[in-house]
Amino acid sequence: MCLFQSVMNYFPEEVLEHVFDFLTSHRDRNAVSLVCKSWYSVERFSREKVFIGNCYAVDPERLIARFPRVRSLTLKGKPHFADFNLVPHDWGGYVYPWIEAMAKNGINLEELRLKRMVVSDESLELLAKSFPNFKSLVLVSCDGFSTDGLAAIASNCRFLRELDLQENEVDDRKGQWLSCFPDTCTSLVSLNFACLKGEASVAALERLVARCRNLRSLRLNHAVPLDTLQKILVQAPQLNDLGTGTFVHDPDSDAYCKLKNAIKKCKSIRSLSGFLDVNTRCLPAVYPICTNLTSLNLSYAPGIYSSELIKLICHCKKLERLWILDTIGDKGLDVVASTCKELQELRVFPSDLYGVGNAAVTEEGLVAVSAGCPKLNSLLYFCQQMTNAALITVAKNCPNFIRFRLCTLDPTIPDAVTNQPLDEGFGAIVQSCKGLKRLSVSGLLTDQVFLYIGMYAEQLEMLSIAFAGDSDKGMLYVLNGCKKLKKLEIRDSPFGNVALLADVGKYETMRSLWMSSCEVTFGACKTLAEKMPRLNVEIINEGEQIEASPDDRHRVEKMYLYRTLVGPRRDAPDFVWTL
Amino acid sequence: MVDTMLNYEEGRCNKLGFEETELRLGLPGAGEKSNANYGKRGYEETVDLKLNLSTKDVGNLDQSDLKEKTLSKEKNLLPCPNDSVKPPAKAQVVGWPPVRSFRKNVMAVQKVSDSEETEKGSGGAAAFVKVSMDGAPYLRKVDLKMYKSYQELSDALGKMFSSFTIGKCDSQGMMDFMNESKLMDLLNGSDYVPTYEDKDGDWMLVGDVPWEMFVESCKRLRIMKGTEAKGLAPRAMEKCKSRS
């Protein structure tokens with residue numbers, strides 16, 4: 001035993017615990033728990049926040065056994081490509097067993113954060129009734145529940161502070177779930193129901209806001225009219241974060257005038273979103289709060305044209321985060337570049353999802369922003385075209401990218417000027433951005449880009465590939481080179497068995513691998529599953545391919561593999577085979 | 001003669017059979033950049049359609065045709081409400097562009113309600129008006145319902161008749177004609193000035209009234225040389241002043 005260890009062992013556990021209290025990141029805590037048995041023990045009893053990146057990597061029993069004092073649980077379910085309809089609806093990711101197990105074992109759950117999970121009304125009801133101190137529910141990109149489940153939460157969670165629903169598919173039963181918050185509920189700090197499609201009880205909402213004096217974040221759905229917004233703002237001028245519902249009214253009306261005055265008094269608003277329906281002539285009402293905004297999300301407001309967007313953005317000099325539609329155009333991005341010097345995160349979403357598009361942005365807009373916004377470190381950019389030269393310039397201007405996700409609307413489009421693959425451009429990005437953790441590539445790409453990624457992207461944790469590469473070499477470069485890789489997702493690329501089987505041990509160092517419409521065969525997947533018992537290798541068969549024993553040489557349409565401590569899952573549907 | 005359903009998107013003009021018309025006013029025909037190398041086998045296999053359909057038949061290609069040609073794999077072909085106007089030159093690939101279904105659904109609803117609104121607001125049918133420009137050898141027609149602001153109309157007309165400008169529009173899409181000196185500059189310049197004939201038969205300067213009102217009342221457009229439009233301006237000013 002080294003000196004340090006023996007010294008540390010003289011500290012009573014309470015001291016260790018106190019020291020560990022300062023460790024909030026789960027990675028730090030994971031590291032600490034590996035030091036020695038006593039540290040493992042102290043750490044596990046003191047951990048209150050648990051993060052589980054793949055709900056099938058462990059099970060509820062293990063969670064409870066190891067962390068009996070857990071108060072906050074974060075769970076992620078379906079693979080990322082489920083967001084884009086590549087995963088069948090009932091693939092899995094059910095939260096019910098987790099809630100049930102925690103309820104049975106007397107866990108004092110206070111916070112539950114779920115992403116891409118199936119949440120039933122039953123689970124919400126069980127949640128609401130089982131944990132008296134429950135405070136915070138955050139659901140992102142989930143489905144399976146209705147407003148009835150929300151009503152259960154509202155009725156029963158006496159100390160509810162946060163109900164945050166982001167981009168979920170919710171069955172709106174036109175109930176009065178908002179009225180279910182009892183009059184005694186005054187604890188709400190954050191309420192976000194922007195994703196609900198149905199009517200909201202406006203009167204109940206107004207009363208709720210009036211009695212929750214600590215409300216800081218409120219995001220309304222599109223059914224909440226402008227005059228209700230005005231009344232709410234009068235009651236809650238202390239808001240930090242506002243998501244408007246509809247923003248449509250006659251700008252010559254009294255109601256609009258009152259709204260303008262109400263907004264002026266909301267001096268604490270730092271984050272603005274919504275405008276789900278907008279009359280652009282009403283937009284000037286928000287100009288007074290723009291000067292202090294750090295976050296602006298107009299990505300659900302296609303009704304705001306470029307010129308209006310520009311006008312608005314000109315007021316937003318302190319913006320750190322901007323989510324916007326490509327209707328802003330390259331010119332608009334120029335304005336962003338010259339106005340928003342504090343910008344760290346930019347997301348430009350496509351406005352025209354079905355045609356080939358108007359507007360859209362090109363490489364010019366991106367270059368402008370990279371030149372004007374030196375603090376830029378996170379990007380999601382859907383664009384009409386791209387060039388290597390532009391990417392090289394961006395790489396030079398912004399070496400601090402942590403997240404770089406580029407998506408050309410045509411997935412295999414070459415450099416718009418030279419017609420070459422975009423290998424060199426992305427190569428420049430990975431070479432320059434030494435802290436890059438997440439990367440999505442698109443456009444015409446050969447194996448070369450993966451050579452660069454393997455060579456330079458040392459901190460890369462997540463990589464998304466679509467319609468790229470020429471051969472197994474591409475995937476091999478990545479698997480061999482990116483030591484910190486955690487999630488790899490590939491679609492429609494010519495990577496096959498050689499790449500898949502070259503280093504089977506690698507997958508235990510990763511959270512998951514997704515491959516769809518690639519060249520991988522059943523035989524190879526079976527081989528992999530045999531060699532690596534601590535991986536679940538799932539084959540997803542949809543419709544056409546339900547054969548009793550498919551030929552080993554048959555290509556696999558969709559494969560998802562992940563490391564796990566608990567073997568094949570018992571809730572897999574018929575069309576999912578765990579090999 | 002050119003089909004009335006004109007599509008003003010950049011780079012698309014050249015696909016609509018303009019080559020067949022000999023008289024052309026130098027339309028901005030950006031070369032078809034996205035005739036990309038579709039050598040990537042994954043993409044080729046998934047998408048049966050290439051941009052071969054871009055040349056002649058686009059204007060006539062309807063959505064059902066498109067559906068027949070795509071592979072059964074593509075389960076997620078979403079209907080495009082504006083398809084009769086925009087040529088669907090690219091087939092839809094499942095999950096591309098990678099946008100959450102939630103967002104797709106929201107945008108689809110908004111697109112539909114936008115087009116519903118424009119229909120509701122102006123009686124449903126298209127609003128085609130003749131557009132003449134002084135000095136041009138022939139007239140054109142535009143569907144005013146396709147645009148939502150003066151700026152959009154100006155852009156489209158600008159592409160139709162190259163050396164044409166409507167001037168800068170402010171946020172309400174109405175021109176700053178309360179500023180007389182600006183007006184004078186515009187009219188004295190060699191710039192062209194757009195005018196229109198309204199329901200009463202009067203020739204008005206474009207830009208005075210809110211866009212929707214303009215669409216309702218415009219019977220035809222005439223792009224006059226600035227110097228000729230001077231006579232209209234004082235009357236436009238009067239009308240504006242009396243309204244405010």
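Colleague: What makes A:R569 and A:E538 a salt bridge?

Modeller: The term needs a side-chain nitrogen of Lys or Arg within 4 Å of a carboxyl oxygen of Asp or Glu. In A:R569 and A:E538 the closest N and O atoms are 2.7 Å apart, so the pair meets the cut-off of 4 Å. Please keep in mind that this is a predicted model, in which local features need pLDDT of at least 70 and side-chain atom pairs count only at pLDDT 80 or more, while totals for chains, interfaces and linings use all residues. Residues are numbered from 1 along each chain as its sequence is written, chains are lettered from A and ligands numbered from 1 in the order in which they are written, and side-chain values use heavy atoms, with hydrogens and water left out.

Colleague: Why do you say that this pair ties together parts of chain A?

Modeller: A:R569 sits in the loop between β24 and β25 (576-578), whereas A:E538 belongs to strand β23, so the salt bridge joins parts that are 31 residues apart in sequence. Strands here are DSSP runs of E with at least two residues, helices are runs of H or I with at least four, and both are numbered from the N terminus.

Colleague: How do you know whether A:R569 is buried or exposed?

Modeller: Buried means under 20% relative accessible area, exposed means over 50%, and partly exposed is in between, with a 1.4 Å probe and protein chains only. A:R569 is at 9%, so it counts as buried. Its partner A:E538 is at 0% and is therefore buried too.

Colleague: And what makes A:R555 and A:E519 a salt bridge?

Modeller: Their side chains meet at 3.6 Å, N to O, so they pass the 4 Å limit. This pair links distant parts of the chain, 36 residues apart: A:R555 is in the loop between β23 (535-540) and β24 (558-563), and A:E519 is in the loop between β22 and α21 (522-531). A:R555 has a relative accessible area of 28%, which means partly exposed, and A:E519, at 28%, is partly exposed as well.

Colleague: How many salt bridges are there over all chains?

Modeller: The search of the whole structure finds 29. Among them is A:R173 with A:D171, whose closest N and O atoms are 3.1 Å apart. A:R173, at 44%, is partly exposed, and so is A:D171, at 37%. Salt bridges also link A:D83, A:R116, A:E167, B:R100 and B:R103 in a network.

Colleague: Why is A:L333 called buried?

Modeller: Its relative accessible area is 0%, so it falls in the buried class. A:L333 is part of helix α14 (residues 329-339) of chain A. Leaving aside residues up to four places away in sequence, it touches A:I328, A:L346, A:V348, A:V361, A:G365, A:L366, A:V369 and A:Y381, where a contact means heavy atoms within 4.5 Å. One of these, A:V369, is 36 residues away in sequence, yet the C-alpha atoms are 6.3 Å apart.

Colleague: What stands out about the phi of A:F275?

Modeller: Phi of A:F275 is positive, about 55°, although the residue is not a glycine. A:F275 lies in the loop between β12 (271-273) and β13 (277-278) of chain A, and at 0% relative accessibility it counts as buried. A:S141 has a positive phi as well, near 55°. Its place is the loop between β4 (136-140) and β5 (143-146), and at 13% A:S141 is buried.

Colleague: What makes the peptide bond from B:W96 to B:P97 cis?

Modeller: Its omega is near -5°. B:P97 is in the loop between α2 (63-69) and α3 (101-121) of chain B.

Colleague: Which residues lie nearest the centre of the largest cavity?

Modeller: They are A:P79, A:H80, A:K487, A:S512 and A:Y560, out of 16 lining residues. The elements giving two or more residues to that lining are β21 (487-491) and β22 (512-516) of chain A. A cavity is a set of points, on a 1 Å grid over the protein atoms alone, where a 1.4 Å probe fits but cannot get out, and lining residues have an atom within 4 Å of a point. The largest has a volume of about 150 Å³, the volume being the space filled by probe spheres set on the points, which are joined across faces, edges and corners.

Notes:
1 Å grid on protein atoms, 1.4 Å probe; cavity = no way out; pocket = protein on both sides within 12 Å on 5 of 7 lines; lining within 4 Å.
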